Structure formats: C-alpha cells, structure tokens
Amino acid sequence: MMSDPTIYGPMAGILAMAFATYFTRVIGFWLMGHVPVTMRVRRMLETLPGAIVVATVVPLAAKAGAAGLVAVGVTIAAMAMRRNEFLAVALGLTAISLARAYGL
C-alpha cells in the first residue's frame with residue numbers, strides 16, 4: 001500500500017544520514033577556512049590520520065584477543081620492513097587466520 005508510512009522509513013533514514021555526512025564535511029571545510037594555520041595546527045593536522053587509524057585498530061585488536069594482537073604485530077613488522085600497505089594487510093589477514101585456525 002502506498003499510504004503505509006513504513007515504506008518511507010528506510011529512505012528517510014538514508015537521506016538523513018546522507019545530509020548529516022554532507023553537512024559535517026561542508027561545515028568542517030568552512031570552519032577550517034576561518035582557522036589560522038599556525039605551525040601547531042599544521043602538526044595537529046599531520047598527526048590526525050595516524051590517530052584515526054590507531055583509534056580504529058586498537059579496539060578491533062582488543063576485541064579479537066591474542067590473535068588480533070599477533071595480526072597487528074605482523075602488520076606493523078611488515079610495514080616497517082617493506083613499506084607496502086597491500087603486503088602488510090595481506091600478511092596481517094593471513095596471520096589472524098592462521099592464529100584462529102590453530103586456536104590462539
């Protein structure tokens with residue numbers, strides 16, 4: 001039925017999330033246009049991507065337990081030795097798969 005309000009719920013949710021995402025991006029650019037880029041701000045902006053990666057990986061590794069910690073260690077070692085993101089991710093996934101397969 002076209003008068004059923006539950007039909008429009010998912011679409012309204014998707015549109016609301018799209019608007020919120022767009023709004024946060026636009027307001028971020030607008031705000032940074034009004035911030036003087038000092039050396040301190042520049043250092044903070046350069047550090048931010050690493051902080052986001054750590055904030056994403058640490059809870060996942062903690063939830064995965066010992067196998068997750070082994071995988072993170074293998075990934076960090078691979079990045080330190082080879083500087084190849086694809087190889088590091090592949091080795092990390094292999095490490096966690098093997099660790100889980102052998103009961104770690």
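Helices here are DSSP runs of H or I at least four residues long, numbered from the N terminus. With that in hand, we can start at Ile96, which lies in helix α4. Keep in mind as you explore that this is a predicted model.

**Ile96 and the nonpolar core**

Is Ile96 buried or exposed? Its relative accessible area is 16%, and buried means under 20%, so Ile96 counts as buried. Leaving aside residues up to four places away in sequence, Ile96 touches Ala64, Ala67, Gly68 and Ala71. Arg40 makes a nice contrast: it sits 56 residues from Ile96 in sequence and 38 Å away in space, C-alpha to C-alpha.

Ile96 also belongs to the largest nonpolar core, a group of five residues that it forms with Ala67, Ala71, Ala95 and Ala99. Two elements, α3 and α4 (85-101), each give two or more residues to this core. The most come from α4, which supplies three residues. In soluble globular proteins, nonpolar side chains tend to be buried together.

Now look at the core from Ala71. With residues up to four places away in sequence again not counted, Ala71 touches Gly92, Ala95 and Ile96.

**How α2 meets α3**

Next, find helix α2 (residues 39-64) and helix α3 (residues 66-82). Their axes are 5 Å apart, and the two helices pack at an angle of about 135°. That angle makes α2 oblique to α3. Which residues of α2 meet α3? They are Val57, Ala61 and Ala64, and their partners in α3 are Ala66, Ala67, Gly68, Leu69 and Val72. Sorted by type, the residues of this contact are seven nonpolar, one polar and no charged.

**A pair of rings in α1**

Move to helix α1 (residues 9-32), where you will find both Phe19 and Phe23, four residues apart, about one turn of the helix. A pair of aromatic rings is described by the distance of the centres and the angle of the planes. Rings pair if their centres lie within 6.5 Å, and planes under 30 degrees apart count as stacked. By this rule the model has one aromatic pair. The ring centres of Phe19 and Phe23 are 6.1 Å apart and their planes are at 20°, so this pair is stacked.

**A residue in a loop**

Arg83 is found in the loop between α3 and α4. What is the phi of Arg83? It is positive, at about 55°, although Arg83 is not a glycine.

**Accessibility side by side**

This table gathers the relative accessibility of some residues you have met.

| Residue | Relative accessibility | Class |
|---|---|---|
| Phe19 | 55% | exposed |
| Phe23 | 45% | partly exposed |
| Arg83 | 65% | exposed |
| Ile96 | 16% | buried |

Try finding each one in the structure: Phe19 and Phe23 in α1, Arg83 in its loop and Ile96 in α4.

Conventions
Residues are numbered from 1 along each chain as its sequence is written. This is a predicted model: local features need pLDDT of at least 70, side-chain atom pairs count only at pLDDT 80 or more; totals for chains, interfaces and linings use all residues. Side-chain values use heavy atoms; hydrogens and water are left out. Rings of Phe, Tyr and Trp (its six-membered ring) pair if their centres lie within 6.5 Å; planes under 30 degrees apart count as stacked, over 60 as edge-to-face and the rest as tilted. Buried means under 20% relative accessible area, exposed over 50%, partly exposed in between (1.4 Å probe, protein chains only). Axes are lines fitted to C-alpha atoms, for helices over the stretch in contact, and angles run from 0 to 180 degrees between N-to-C directions. Angles under 35 degrees count as roughly parallel, over 145 as roughly antiparallel, 65 to 115 as roughly perpendicular and the rest as oblique. Contact means heavy atoms within 4.5 Å. Ala, Val, Leu, Ile, Met, Phe, Trp, Tyr, Cys and Pro count as nonpolar, Asp, Glu, Lys and Arg as charged, and the others, Gly among them, as polar. A nonpolar core is a set of buried Ala, Val, Leu, Ile, Met, Phe, Trp, Tyr and Cys residues joined through side-chain atoms within 4.5 Å.
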